[in-house]
Amino acid sequence: MTDHEPRLRLHDTRTREKRDFEPLDPSCVRMYVCGPTVYGYAHIGNARPAVVFDVLFRLLEALYPRVIYARNITDIDDKILKVAKDEGVGIEVVSRRYAEAYREDMDALGVLPPTIEPWATEHVADMIGLVERLLESGHAYRADGHVMFSVESFDRYGELSGRTTEELLAGARVEVAEYKKNPADFVLWKPSTPDQAGWDSPFGRGRPGWHLECSSMIEKHLGTTIDIHGGGTDLVFPHHENENAQSRCVHGGAAFVRYWLHNGFLSIDHQKMSKSLGNILTVRDLRERIPPEAIRFILLRTHYRAPLEWNDEVVEDGIRSLERLYGALRDLEGIEASHNTPRSTVVEALEDDLNTPRAISELYQIAKETHQTGADLPRLKGELLASAKLLGLLSEPAETFFQQRSSGGVDAERIEALIAERAQARRNKDWSRADQIRDELDAMGVLLEDKDGTTRWRIQR
């Protein structure tokens, strides 16, 4: 907690404007973010909302007494069913494998675990109950083994995306089915074939629709009305629009979400990621090539609502920029931090609709001040670390960061041994051997920095 009076402003997708954040209950903020559908490894686009809303989670925890952050695991999905069928295993085998991989990847990126991580399969009974209530209230109907939500029963359908039903249908891929009363009607429950995963219900053996899953888990763990619902901009329609409709209808029109937040798209070399283009970048693969914290840093250098372009130039520039911050931290080695409160300008930047680019620029300002004559280095080091922690940055010792392996794989023990041998050669005034070792290290992509009688090293980018 800080002694700072919260002045948080967030851009609400529904109202399309930046609004003062006023939680329903200031003593306990409730936030839900759509988590992964676990049928494969997470790609860099999946990582963006995880990192963005992790920063918001950190900020909220600094501003409010208690925060309940739920990020779900979608383990009921037709893509999971297909992978399981192809492998000849149960869906739980596939979902558990990739959920664990997701956790490992996000942990490597410095993403904190959510307060609650609900799994769809653990809430099927709750989903069935929600469908029954929608049927009883006239907002749903049964057709050809399915239970459909009737969009015409909710006169505010489209309020989140700000478009009419006709406009929404024109811009989206909506399943055409004869049993629908309206082309925009969406599935609450659908039948499962004998070889598909399914659950018994009053509507027949089947499985829930995707949108139903999140509404049910939110109701179960966070209540009727929540403060913040987040996700990628691709979820505004149909997923979040449909969530909003069914949740409001099942609760007699009560507010569902007070603030809707959506992060922008991420493209690879100006192209959308797709299997057909072969440009899917998984977090797992990227972690082997660049420091995981650099991935996080690059994701935060662009404002969360803006499109983010990912390419080699962006990556290299991001790594060099992060190295500047770690360089400042390394220069403060041996100095004990005397301050553990974030600088107010960093907090204020994040309170302005999570302006992470501005917050990062404030980190550079702190780093710059450490080089000024008469600087209070203990205080500045504390401010730098506390401010960076809000962003999930500078989370490891500087030397650890600089000594991480390059994409080709660098043997740290071998590097240290060569540096020790070079130091001995210099003490023996064997300058030829010392130069040979430096050339060998240079060929390995290792940059040496001799300072105050010690030698530091890092991988050249």
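Leaving aside its neighbours within four places in sequence, which residues is D54 in contact with? I opened my notebook with this question, and I record that the model is predicted.

**Entry 1: D54**

I located D54 in helix α1, which covers residues 44–63. I then looked up its contacts, leaving aside neighbours within four places in sequence, and noted P49, G110, V111, L112 and R296. I also asked whether D54 is buried or exposed. Its relative accessible area is 0%; because buried means under 20%, D54 belongs to the buried residues.

**Entry 2: The chain as a whole**

I next turned to the protein chain in general. I noted 16 helices and 15 strands. Along the principal axes, the C-alpha atoms fill a box of roughly 90 × 55 × 35 Å. The chain has 461 residues, and 52% of them are buried. I looked up the exposed area and found about 21100 Å², of which carbon and sulfur atoms supply 46%.

I then considered contacts with a separation of 6 or more, and recorded that 75% of them link residues 24 or more positions apart. For the charges, I wrote down 59 positive and 76 negative side chains. The centres of these two sets lie 1 Å apart.

**Entry 3: Strand β9 and its partners**

How many residues of strand β9 are buried? I found that 7 of its 7 residues are buried, and I marked β9 (residues 226–232) as mostly covered.

I followed its pairing to strand β3, residues 29–33, which runs parallel to β9 and is joined to it by 3 bridges. Within this pair, Y32 stands opposite H229 of β9. I then followed the pairing of β9 with strand β10, residues 257–263, which is also parallel and has 6 bridges. Here I226 has V257 in β10 as its bridge partner.

I also traced the path from β9 through helix α7 (residues 236–250) to β10, and recorded a right-handed β-α-β unit.

As background, I noted that strands of a sheet pair through backbone hydrogen bonds, either parallel or antiparallel.

**Entry 4: An antiparallel set**

I looked for antiparallel pairing and found strand β6 (residues 146–149) joined to strand β7 (residues 186–191) by 3 bridges. In this pair F149 stands opposite F186 of β7. I saw that β7 also pairs with strand β8, residues 206–208, in the antiparallel sense over 3 bridges. The bridge partner of P191 in β8 is G206.

**Entry 5: A sheet of 3 strands**

In what order do the strands of the open sheet of 3 strands stand? I read the order as β12-β11-β13, with mixed pairing. I placed β12 (271–272) and β13 (308–310) at the edges; each has a single partner strand, so one side of each is left without a neighbour in the sheet. I then examined strand β11, residues 266–268, and found 3 bridges to β13, with the two strands running parallel. L266 stands opposite L308 of β13.

**Entry 6: V446**

I closed with V446, which I located in strand β14, residues 446–451. Why does V446 count as buried? Its relative accessibility is 2%, and buried means under 20%, so V446 is counted as buried. I also looked up its separation from R458: the two are 12 residues apart in sequence, and their C-alpha atoms are 5.7 Å apart in space.

How values were computed. Residues numbered from 1 in each chain as written. Predicted model: local features only at pLDDT ≥ 70, side-chain atom pairs only at ≥ 80, totals over all residues. Heavy atoms only, no water. Helix = DSSP H or I, 4+ residues; strand = E, 2+ residues; numbered from the N terminus. Buried < 20%, exposed > 50% of the residue type's maximum accessible area, 1.4 Å probe, protein only. Contact = heavy atoms within 4.5 Å. Areas by Shrake-Rupley, 256 points an atom, 1.4 Å probe, with all protein chains shown as cover. Lys, Arg positive; Asp, Glu negative; His and termini not counted. Charge placed at Lys NZ, Arg CZ, Asp CG, Glu CD. Pairing = 2+ DSSP bridges. Right-handed = clockwise from strand over helix to strand, strands pointing away.
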